[in-house]
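User: I would like to go through the assignments in this model and hear the grounds for each.

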Amino acid sequence: MSSAAEALAAERAGAGRIELCAPGDGGLTATPALIDATLRACSVPVHAMVRPREGDFRYSDAEFARMREEVRAVVAAGAHGVVFGISLGDGRLDAARMGELVSLARPLRVGVHRAFDAAPDPDEALEQCLALGVDVILTAGHAATALEGCETLARLVATAGNRLVVMPGGSVRASNVREIVARTGASEVHARGGDASVIAEIAAAMAAKSP
């Protein structure tokens with residue numbers, strides 16, 4: 001979501017958490033003002049994106065320094081979580097730099113965005129995230145859409161167990177969310193906030209899955 005109004009509409013449709021970002025292809029760093037407005041509007045947890053530019057996830061030293069400051073700003077703004085990802089030149093997750101950001105982000109929950117899907121080996125990337133203490137991974141299962149990535153998603157969900165949340169995302173629709181949940185065993189699913197019907201169907205699917 002990229003506005004407090006959109007976040008509030010998502011909450012009213014049944015969203016259990018908001019992922020907040022500034023407008024941009026794939027979402028950019030949420031500003032402190034946007035975080036504050038959303039926290040005032042919503043009662044569910046708000047996680048804020050830290051992504052300094054569009055494009056790939058390989059960042060220069062200057063961009064990484066900016067990311068450190070942006071994580072500090074997210075923490076100071078009172079968000080409940082922060083979402084980011086950094087790649088090495090070969091696409092693997094940059095565990096060293098990400099570890100610095102995890103430390104800066106605590107005690108907030110930490111999520112990794114679709115930089116995970118840019119990694120060449122999803123199983124290796126999962127182990128890196130587990131070692132870093134990441135709480136949530138947003139992934140399409142290394143496929144174009146979450147539905148296409150169900151087989152990999154199911155394996156990741158099973159491997160992660162209760163150590164972290166593997167959250168399917170990528171073209172999640174009201175028409176396919178129940179299939180994605182059934183095939184992957186996921187406990188959380190990610191969707192864009194513009195369609196309240198999708199969020200309502202996700203909420204219903206999660207409720208039906210609960211014992």
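User: What is the bridge partner of Leu-138 in strand 6?

Analyst: Leu-138 has Met-167 as its bridge partner in strand 6. This is a predicted model, in which local features need pLDDT of at least 70 and side-chain atom pairs count only at pLDDT 80 or more, while totals for chains, interfaces and linings use all residues. Residues are numbered from 1 along each chain as its sequence is written, and side-chain values use heavy atoms, with hydrogens and water left out.

User: What makes strand 5 and strand 6 a pair, and in which sense do they run?

Analyst: Two strands pair if DSSP finds at least two bridges between them. Strand 5 and strand 6 have four bridges and run in the parallel sense, so they qualify as a pair. Strands themselves are DSSP runs of E with at least two residues, and helices are runs of H or I with at least four, both numbered from the N terminus.

User: How do you know that strand 4 pairs with strand 5?

Analyst: Strand 4 (residues 109-112) and strand 5 are joined in the parallel sense by two bridges, so the pairing requirement is met. Val-112 has Ile-137 as its bridge partner in strand 5.

User: Which strands are called edge strands, and why?

Analyst: The open sheet has six strands in the order 1-2-3-4-5-6, with parallel pairing. Strand 1 (18-20) and strand 6 (165-168) are the edge strands, as each pairs on one side only. From one strand to the next, the twist averages 25°.

User: Why are both faces of strand 5 called covered?

Analyst: In a regular strand the side chains alternate between the two faces of the sheet. In strand 5 (residues 136-139), Val-136 and Leu-138 on one side and Ile-137 and Thr-139 on the other are all buried. Buried means under 20% relative accessible area, exposed over 50%, and partly exposed in between, with a 1.4 Å probe and protein chains only.

User: Why is Cys-150 in no disulfide, and is this residue buried or exposed?

Analyst: A disulfide is a pair of cysteine sulfur atoms within 2.5 Å. The closest cysteine sulfur to that of Cys-150 belongs to Cys-129 and is 20 Å away, so it is too far for a bond. Cys-150 has 1% relative accessibility and therefore counts as buried.

User: What is the disulfide count, and how does Cys-42 fit?

Analyst: The count comes to zero disulfides. Cys-42 is in none, its nearest cysteine sulfur being that of Cys-21, 14 Å away. Cys-42 is called buried because its relative accessible area is 10%.

User: What makes His-142 and Ser-171 notable in phi, and why are they called partly exposed?

Analyst: Most residues other than glycine have a negative phi, and most peptide bonds are trans. Phi is near 60° for His-142 and near 55° for Ser-171, a positive value in each case. His-142 lies in the loop between strand 5 and helix 7 (150-160), and Ser-171 in the loop between strand 6 and helix 8 (177-184). Their relative accessible areas are 27% for His-142 and 35% for Ser-171, so both are partly exposed.

User: Which peptide bond is called cis, and where does its proline lie?

Analyst: The bond from Arg-106 to Pro-107 is cis, with omega near 15°. Pro-107 is in the loop between helix 4 (95-105) and strand 4.

Technical notes
Axes fitted to C-alpha atoms, helices over the stretch in contact; angles between N-to-C directions.
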